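This report covers pockets and salt bridges. Please keep the model open while reading.

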Amino acid sequence: EVVFLGGSANTYLSDTWTYNLNENIWHIRQPHPDLDGPCRRDMQNLVYDVIGKNHWLFNGISYNDSQPGCDGFASRSGTWMYDRAVNVWTKTSVINEHVYQGAGMAYNSDSRNFLQFGGSNVNPSSNTFIFNIATKSWQKLNLAVFPPARLQIENGLVYDKANKVFV
């Protein structure tokens, strides 16, 4: 199943949906507002860990919400893990967390890491980070060559397993 959370229409949303390919239908898993899950947000990263069978949510920009810690329109840090089997979001503590919105992110199943590029905290960024699922920690990579700064590339990064490269 495909999972998505939030986004924006007339406001930011916090609902969770899954799409079942065999049934060809969307299912609501957590209606809006979900006061136990992540704040309403947009420009976030939601990436699937095929080994752990969990979805990981990173960053984004959120809207004022009645959920604790979701006050005001702001860039949001916060790492959440979604367990589809039990339909529960869990806030996860991580090391070296940073706040970005609109970054590109992809999963490497060989190393079980996520790569994040670009995005914005205040200005567009060209920073590259690796998130290690096992240690729940971020590491900023100091690269000699990198693409120019950019944002709003949430779906613009994938891992090519056959060639072992991020594209």
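## Second largest pocket

The model is predicted. Its second largest pocket is lined by Gly104, Leu115, Phe117, Thr128, Leu143, Val145, Phe146, Pro147, Arg150, Ile153, Gly156 and Leu157. The volume of the second largest pocket is about 180 Å³.

By class, this lining splits into 8 nonpolar, 3 polar and 1 charged residues. Glycine is counted as polar here, so Gly104 and Gly156 of the lining fall in the polar class.

## Largest pocket

The largest pocket holds about 420 Å³. Its lining has 20 residues, and Leu46, Val47, Met105, Glu154 and Asn155 are the closest to the centre. Strand 1 (2-8), strand 5 (45-49) and strand 11 (104-108) are the elements that each give two or more residues to this lining.

Strand 5 supplies the largest share, 4 residues. The lining of the largest pocket has 11 nonpolar, 6 polar and 3 charged residues.

## Salt bridges around Glu1

The structure has 5 salt bridges. Glu1, Arg29 and Arg84 are linked in a network of them. In one pair, the side chains of Arg29 and Glu1 meet at 3.5 Å, N to O. Arg29 is in strand 3 (residues 25-30) and Glu1 is in the segment before strand 1, so this salt bridge ties together parts that are 28 residues apart in sequence.

Glu1 also forms a salt bridge with Arg84, with the closest N and O atoms 3.4 Å apart. This pair links distant parts of the chain, 83 residues apart: Glu1 sits before strand 1, and Arg84 lies in the loop between strand 9 (79-83) and strand 10 (88-92).

How accessible are the residues of this network? Relative accessible area is 30% for Arg29, 35% for Glu1 and 32% for Arg84. Buried means under 20% and exposed over 50%, so Arg29, Glu1 and Arg84 count as partly exposed.

## The Lys161 and Asp110 pair

Lys161 and Asp110 form another salt bridge through their side chains, at 2.6 Å from N to O. Distant parts of the chain are linked here too, 51 residues apart. Lys161 lies in the loop between strand 15 (159-160) and strand 16 (165-166). Asp110 lies in the loop between strand 11 and strand 12 (113-117).

Lys161 is partly exposed, at 46% relative accessible area. Asp110 is partly exposed as well, at 38%.

Notes: Residues numbered from 1 in each chain as written. Predicted model: local features only at pLDDT ≥ 70, side-chain atom pairs only at ≥ 80, totals over all residues. Heavy atoms only, no water. 1 Å grid on protein atoms, 1.4 Å probe; cavity = no way out; pocket = protein on both sides within 12 Å on 5 of 7 lines; lining within 4 Å. Points joined across faces, edges and corners; volume = space filled by probe spheres on them. Salt bridge = Lys/Arg side-chain N within 4 Å of Asp/Glu carboxyl O. Buried < 20%, exposed > 50% of the residue type's maximum accessible area, 1.4 Å probe, protein only.
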